Amino acid sequence: MSRTAMKRSSRYPLKVALASTCLLGMWASSAWAVPPKPPAKQTLRQLASARGLLLGGAVSAEVLDPEQVDLSQGVAREYNLIVTENAMKWAPLNNAPGQFNFTLADFLLGYAEKHKQVMRGHNLVWHEQLPRYIAGISGRAELLAEMKNHIQTVVRHFKGRIPMWDVVNEAVSDGEGHPLRQTPFLKIIGPEYIELAFRWAREADPTAKLYYNDYSTEGINGKSDRVYALVRGLLEKGVPIDGVGFQTHVDSTFSVSDSRMLENLQRFKKLGLDVQLTEVDVPLKGDAPLARKLEQQATVYADLLTTCLAVKCSAFVMWGYTDLYSWRSSGYPLLFDDDYKPKPAYYALQKVLVSAPK
Ligand code: G3I
């Protein structure tokens, strides 16, 4: 069933919930309609572009659906960058040895180019969304050959049209044991699969910027320490890595200051790497009244963008556009509600883009 067909029918509409808690006064006459005095008339895209910041989000086939004009126009209006949520992963592109299907990915890239948006490439090597044939490989040479062919065929296909790639995604372990996640690539090839992936991607398109991307690494913690050690080691070996993506799947109780996020991002910048927030979503959490949680969500978004600007990160990317199609939809994590209307978090980002030091 398509996600459109799955449009939330049973859900208690967030607007009704807000109305029922008599909080409309905070947002004029309807649930988070335009606040009394919006921070700016310009869109997020206009405000971000004026700062040289890439600001965007993940998209899927819905953005191409002629019946989803509001979504398609909204994404074009508000984002100067898009990333494919799934269409450029291994299984969707290369579901059988040597067989590639770029149809949907090409359509989504065409949408980006039509709207003069940057396309962020996601992702080349990841332990999830792998085709079944990869699981059947046990030989090191065979897996190396398949990995090289996948990386170089995909990067060459989009050469010159995708200026940045998540080359390796989520290779670092969540726990304190082995520093690297026990993926098929690590088990069969060894830790050098990571540097080989970067070297092969660079060979395929020398103009593309190459990123390592991971989650739960936003603040100073054991995992971000392991990512820091990994990328510093890659740099010391002359591996072509240009930046680190911090996915930033947090929630409305997240504290940028308590997590020491600024200090964390700064240490990666000091290595000479670019930093990007690559999959930002902030689901509502806790048992505060709904409008309070929406305010908390807005504050977290604002703090994340403020931190991103403070370290001159090159991109601030949400993992979607509307709550309706989010992978974490039950938490209403994004800037636009199920009817594509801006929420308090949208206006909070506008305010940061208007007022933060340039
Ligand atoms: O396309 C098939 C469809 O044919 C089938 O009918 C349907 C039901 O089985 O599944 C569809 O594939 C789903 C795919 O999304 C496309 O909708 C997969 O089952 C589902 O697992 C996949 O989830 C994606 C997830 O990555 C995969 O782990 C999410 O949409 C996507 O938001 C999420 O994104 C990841 C980033 O790539 C990496 N960082 C974490 C982030 C969240 O997990």
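Visitor: What makes the lining of the largest cavity nonpolar, polar or charged, and how many residues fall in each class?
Guide: In this predicted model, the lining divides into 7 nonpolar, 3 polar and 3 charged residues. Tyr counts as nonpolar and Ser as polar, so Tyr-321 and Tyr-325, among the residues closest to the cavity's centre, go to the nonpolar class, and Ser-60 goes to the polar class.

Visitor: Which residues are closest to the centre of the largest cavity?
Guide: Of the 13 lining residues, these are Ala-58, Val-59, Ser-60, Tyr-321 and Tyr-325. Two or more lining residues come from β1 and likewise from α3 (69–78).

Visitor: Why is this space called a cavity?
Guide: A 1.4 Å probe fits there but cannot get out, so the space is a cavity. The structure holds 1 cavity of 30 Å³ or more, and the volume of the largest is about 100 Å³.

Visitor: How do you know that strand β1 and strand β8 pair?
Guide: Pairing needs at least two bridges; β1 (residues 54–59) and β8 (residues 315–318) have 4, in the parallel sense, so they count as paired. Gly-56 stands opposite Val-317 in β8.

Visitor: What do the 8 strands form?
Guide: They form a closed barrel with parallel pairing, in the order β1-β2-β3-β4-β5-β6-β7-β8. From one strand to the next, the twist averages 30 degrees.

Visitor: Which strands does helix α10 touch?
Guide: Helix α10 (residues 222–236) packs on the sheet and touches β5 (209–214) and β6 (243–246). Its direction makes about 155 degrees with that of β5. Helix α12 (residues 290–310) lies across β7 (274–280) and β8, at about 155 degrees to β8.

How values were computed
Residues are numbered from 1 along each chain as its sequence is written. This is a predicted model: local features need pLDDT of at least 70, side-chain atom pairs count only at pLDDT 80 or more; totals for chains, interfaces and linings use all residues. Side-chain values use heavy atoms; hydrogens and water are left out. Axes are lines fitted to C-alpha atoms, for helices over the stretch in contact, and angles run from 0 to 180 degrees between N-to-C directions. Contact means heavy atoms within 4.5 Å. On a 1 Å grid over the protein atoms alone, a cavity is a set of points where a 1.4 Å probe fits but cannot get out, and a pocket is an open set with protein on both sides within 12 Å along at least five of seven lines; lining residues have an atom within 4 Å of a point. Grid points are joined across faces, edges and corners, and a volume is the space filled by probe spheres set on the points.
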